[in-house]
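Here are a few exercises to work through with the model open in your viewer. Try each one before you read its solution.

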Amino acid sequence: MTTFNRADSRPTVLVTRRFPDGSTRPLHDAGLDVEQWAAEEPMSRDTLLAKVAGVHGLLASITERVDQELLDAAPALRVVAEYGVGYDNIDVEACTRRGVVVCNTPGVLAETTADLTWSLILTVGRRIGEAIDHVKDGQWQGWNPNVLLGQDVHHRTLGIVGLGAIGWQVARRALGFDMRVLYYSAHRHPELEAQAPVSFVDLEALLRESDFVTLHAAFTPATRHMLSTAQFKLMKKTAYLINVARGGLIDQRAVYEACRDSEIAGAALDVTDPEPMPRDDPLLTLPNVIVVPHIGSATVATRIRMGTLASDNIVAVLKGATPPTAVNLDRL
Ligand code: DGY
């Protein structure tokens, strides 16, 4: 593993976004020379490539692509700390070849993202988006036994695709709703099965049996469009799809067709491909689809925890210590 050369007096760090106040305190406390992008919008690619020249640490987010081109523009770079748990915006192989440590922020956002997942499960299952519009549009004529009937959540089957830290927190919450919980994951998790009644099944069984299918898998070339027309046809016509992981996990055109043609009951998406979703995307015309703007980890406390952990990772690498949550240390 390559660490910062102590002969270089003040390591410099570029922070690519205006993260919530307090997020980068460890960088300042460690006496690093920090440049933080102050605008609300992300910087342009050209600006990013110009600014990384000479930096030792980069605190980046999903809106920045860290690839070979960026590494070539940043010869002094030692560590890239992602402000987030997903790091599909980073070419980890290219970083590893260059001896650059890549870190992310697992754990600290799991409960908050699980809470958002549950907000979406309940919102889409009980048609809350339509219900709000119903009142605002002046359609509420008084109590009506036939208006806005949704699906029960309690005592139904939840199918979790990807039982990492977030998927696990979603599962724990499902037990409070007396749900049957199925999961499909790259690896079976006997240690979690010992703690709660969650059952490992293959993806096909999960899709066939679940009333709510929620995605928490990492986005990789292997998981791109893991759900498309064929998979939606396996789902119950009364089932809902929830995605808080990455938009690319699902074929969005196929989601549109499945929701339009009532192959499934509806979908709730916190992530889309691309982001932002264009305003004229046909998914936005469907009453049984809700889309929110990638807010899974969006609470004040969690965003500060993410920034603090990302900053701790950078400080550790630049001080020659082991970063708390690196993803490629074993390969450096
Ligand atoms: C995450 O933590 O992966 C969020 O989606 C933001 O990138």
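Before starting, one convention: helix pairs with an angle under 35 degrees count as roughly parallel, over 145 as roughly antiparallel, 65 to 115 as roughly perpendicular, and the rest as oblique. Also keep in mind that this is a predicted model.

**Exercise 1. Helix packing**

Work out how helix 5 and helix 7 are oriented to each other, and which residues make their contact.

Solution. Two packed helices are described by the angle between their axes and the distance between the axes. Start with those numbers: helix 5 covers residues 110-125 and helix 7 covers residues 165-175, and they pack at about 55° with axes 8 Å apart. Helix 5 and helix 7 are therefore oblique to each other. Next, the handedness: the two helices cross in a right-handed way. Now pick out the contact. Helix 5 brings Ala110, Glu111, Thr113, Ala114, Asp115, Thr117 and Trp118, while helix 7 brings Ala165, Ile166, Gln169, Val170, Arg172, Arg173 and Ala174. Sort these by class and you get 7 nonpolar, 3 polar and 4 charged residues.

**Exercise 2. Around the ligand**

Which residues surround the ligand, and how far from a ligand oxygen is the polar side-chain atom of His294?

Solution. List the neighbours: Ile62, Gly84, Val85, Gly86, Leu109, Arg246 and His294. Then go through the polar atoms. For His294, a polar side-chain atom sits 2.6 Å from a ligand oxygen. Val85 uses its backbone, with an N or O atom 2.7 Å from an oxygen of the ligand. With Arg246, an N or O atom of the side chain is 2.8 Å from a ligand oxygen.

**Exercise 3. Backbone oddities**

Find where Pro274, Pro276 and Asp178 sit, and say what their backbones do.

Solution. Take Pro274 to begin with: a cis peptide bond links Asp273 to Pro274, with omega about 5°. Pro274 is in the loop between strand 11 (266-269) and strand 12 (289-291). Move on to Pro276, which is joined to Glu275 by a cis peptide bond with omega about -5°. Pro276 lies in the loop between strand 11 and strand 12. Finish with Asp178, which is not a glycine but has a positive phi of about 55°. Asp178 is in the loop between helix 7 and strand 7 (180-184).

Notes. Residues are numbered from 1 along each chain as its sequence is written. This is a predicted model: local features need pLDDT of at least 70, side-chain atom pairs count only at pLDDT 80 or more; totals for chains, interfaces and linings use all residues. Side-chain values use heavy atoms; hydrogens and water are left out. Axes are lines fitted to C-alpha atoms, for helices over the stretch in contact, and angles run from 0 to 180 degrees between N-to-C directions. Helices (H or I, at least four residues) and strands (E, at least two) are DSSP runs, numbered from the N terminus. A crossing is left-handed if the near helix is turned anticlockwise from the far one by less than a right angle, and right-handed if clockwise. Contact means heavy atoms within 4.5 Å. Ala, Val, Leu, Ile, Met, Phe, Trp, Tyr, Cys and Pro count as nonpolar, Asp, Glu, Lys and Arg as charged, and the others, Gly among them, as polar. A residue is near a molecule or strand if one of its heavy atoms lies within 4 Å of it. A polar contact is a pair of N or O atoms within 3.5 Å; within protein, one must be able to donate a hydrogen and the other to accept it, and residues adjacent in sequence count only if both atoms are side-chain atoms.
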